[in-house]
Amino acid sequence: MRLDDLVQSNGEWLRGVGPEADVVISSRVRLARNLADFPFISRTTPQDRAQIEKMLRERIIDIGGEKELLYLDLSQLEKIDRQFLVERHLISREHAESQGARSVAIDGEERFSLMINEEDHLRIQVMHSGLNLQAAWEQINALDDAIEEKVTYAYHERWGYLTACPTNVGTGMRVSVMLHLPALVITRQIEKVFRSLQKINLAVRGLYGEGSQAMGDFYQISNQVTLGRTEEEIVRQVSDIVPVIVDYERQAREFLVKESHQSLHDRVSRAFGILRTAQTISSEETMHLLSSVRMGVNLGLIRDLSISAVNDLFIRTQPAHLQKLAGSELDTTERDIERARYIRRYLNKEDERGDQAGHN
Amino acid sequence: MKCQKCNKAATFHITELTGSTPQEYHLCEDHARQYLTASSQEAGTIGGLAALAQQIAVGQTAEELARLDQQACPVCGITFHEFRSQGRLGCPHDYVCFQPQLEPLIANVHGETKHVGKLPKHSALKSEKRTRLIRLRREMKEAIEEERYERASQLRDEIQRIEQEES
């Protein structure tokens, strides 16, 4: 398997299936682990890093077993390919931009990725589509056990798994759920939801994690506390709260349908119209319009377009994806033209498919 | 979780990306507003954890503080001051040698100070040996830098001996 194979395929978490998939895009769990006999990353020598990379690579290739893993040495990868992996949520921005020996292993379905020499020696992450944290936790727990058979993790009886940053110590676990909340944004209730989440120590972040803006009305909700609770308790806390937010979002959508059907329908149709005809379009505007279209599909205002197709467009119109698909490097102006062209072609093809299905 | 600037509950969790590393701030509504309206130049100068560590330091005398700050980990060599400015620890042993300083900080972040989750399947009993390995590797690197090659090769042999005992 090669990196370029990913360009044409779709991550499991983008399939638009699974529980509550109209609002919940994906469920993700990540574990931070460090090897006991090396310093944390900031104090490592280049030799240390190379050795850590080698030890973990051997172990990881081993657990891959029958299944073929895509193993990428990030220090040898072009910037655009690293950016591509960030857009796909397979590595973090920090991992893409740092220096020295570092790598990532990805399974073919993009359900999990293992980052080596990120902020910690090892970061394991598992992603599923829809609201499915329990399954993600079970899978990551098994992966963690398999790796641990051959390596010794830094662990302290009282503090648990030791991490470079004390905000991750204990379980080293961050669970996060990505939500699409356009109706809560339109009805201006989103701030209220955030405040109540923050009161119970849950963090809210944008599409690409820490510090990123809430583009396309996507929000990630995750636990802050990693110590003093079991992994199951953390999974349960987030799993319990998400349906409440999903419910708020659906109520807000119902409210919009009932109270301002015309303006909602207008908003959705205009967004769809622009996407199908624009000749040049920025990433930001694309996200904004796709958000309306996605809600329109969920509410039955747009037919003949699937949620997975919309999810697909969200990712494929990102800068690195666009350039990989076009097969060449493009500057901002060229990207905006290529993006508009790609979306037009994609949506009009979907249309034909829809029409054919209708006539047959 | 408490606000980093006062005793009210922190309801805003801000991640600042302007510095070289992302910084998290946990603030009450008033201080969050203050923070967000403050000039962007100010942002990023004090890190989230560093701010926490500074807040915790309130109530200690300047000498005490300076002494704690200069304390270095015998294994990786990081000082507590360096941790405070970077927000990242240097090695697993830091959790042991900086325990008095880290404890209030961890309690502030997590509200708890004891791990109750998963444990590794095979025990980390040999942790002393492991911290020794980290220290020996550092000493070896220093010996090479100072061109004390005889010492370096002694250290290399010792490292290999310990590694072989392991497997």
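Over which ring does the charged end of Arg158(A) sit? The ring is that of Trp159(A), and the charged end of Arg158(A) is 4.5 Å from its centre. That view comes up again below, and the model behind every panel is a predicted one.

**View 1. Chain B at a glance, with eight helices and two strands.** Start at the N terminus and the order of elements reads β-β-α-α-α-α-α-α-α-α. Chain B has 167 residues, and 41% of them count as buried. Take the contacts in chain B between residues at least 6 apart in sequence: 37% of these join residues at least 24 apart. About 9,200 Å² of chain B is exposed, with carbon and sulfur atoms supplying 51% of that area.

**View 2. A tilted tyrosine pair in helix α13 of chain A, Tyr342(A) and Tyr346(A).** Across all chains, the structure holds seven aromatic pairs. In this one, the ring centres of Tyr342(A) and Tyr346(A) are 6.0 Å apart and the planes meet at 45°, so the pair counts as tilted. Both residues belong to helix α13 (residues 332–359), where they are four residues apart, or about one turn of the helix. Tyr342(A) is buried at a relative accessible area of 10%, and Tyr346(A) is buried too, at 15%.

**View 3. Two phenylalanines in helix α4 of chain B, Phe80(B) and Phe83(B).** Here the ring centres of Phe80(B) and Phe83(B) lie 5.4 Å apart with the planes at 50°, so this pair is tilted as well. Helix α4 covers residues 80–86, and because Phe80(B) and Phe83(B) are three residues apart in it, about one helical turn separates them. Buried or exposed, Phe80(B) and Phe83(B)? Both are buried.

**View 4. Rings in company in chain A.** Tyr153(A), Tyr155(A) and Tyr161(A) form a cluster linked by ring pairs. Back to the opening question: Arg158(A) places its charged end over the ring of Trp159(A). Arg276(A) has its charged end over the ring of Phe272(A), 4.3 Å from the ring centre.

**View 5. A salt bridge between Asp5(A) and Arg2(A).** Side chains of opposite charge can pair when their charged atoms come close. The structure holds 32 salt bridges over all chains. In this view, the side chains of Asp5(A) and Arg2(A) meet at 3.8 Å, N to O. Asp5(A) counts as partly exposed, with 35% relative accessibility, while Arg2(A) is exposed at 53%.

**View 6. A salt bridge across the chains, Arg43(A) to Glu82(B).** The closest N and O atoms of Arg43(A) and Glu82(B) are 3.3 Å apart. The pair runs from the loop between β1 (24–33) and α2 (46–64) of chain A, where Arg43(A) sits, to helix α4 of chain B, home of Glu82(B). Both partners count as partly exposed, Arg43(A) at 27% relative accessibility and Glu82(B) at 26%.

**View 7. Glu149(A) and Arg59(A), joined by a salt bridge.** For this pair, the closest N and O atoms are 3.9 Å apart. Glu149(A) is in the loop between α5 (133–148) and β6 (155–156) of chain A and Arg59(A) is in helix α2 of chain A, so their salt bridge ties together parts 90 residues apart in sequence. Glu149(A) counts as exposed at 58% relative accessibility, whereas Arg59(A) counts as buried at 8%.

**View 8. A salt-bridge network with members from chains A and B.** Through shared partners, salt bridges join Glu118(A), Glu119(A), Asp120(A), Arg123(A) and Arg88(B) into one network.

Conventions: Residues are numbered from 1 along each chain as its sequence is written. Chains are lettered from A and ligands numbered from 1 in the order in which they are written. This is a predicted model: local features need pLDDT of at least 70, side-chain atom pairs count only at pLDDT 80 or more; totals for chains, interfaces and linings use all residues. Side-chain values use heavy atoms; hydrogens and water are left out. Buried means under 20% relative accessible area, exposed over 50%, partly exposed in between (1.4 Å probe, protein chains only). Contact means heavy atoms within 4.5 Å. Accessible areas come from the Shrake-Rupley method with a 1.4 Å probe; for residues, only the protein chains shown count as cover. Rings of Phe, Tyr and Trp (its six-membered ring) pair if their centres lie within 6.5 Å; planes under 30 degrees apart count as stacked, over 60 as edge-to-face and the rest as tilted. A charge sits over a ring if NZ of Lys or CZ of Arg is within 6 Å of the ring centre and within 35 degrees of the ring normal. A salt bridge is a side-chain nitrogen of Lys or Arg within 4 Å of a carboxyl oxygen of Asp or Glu.
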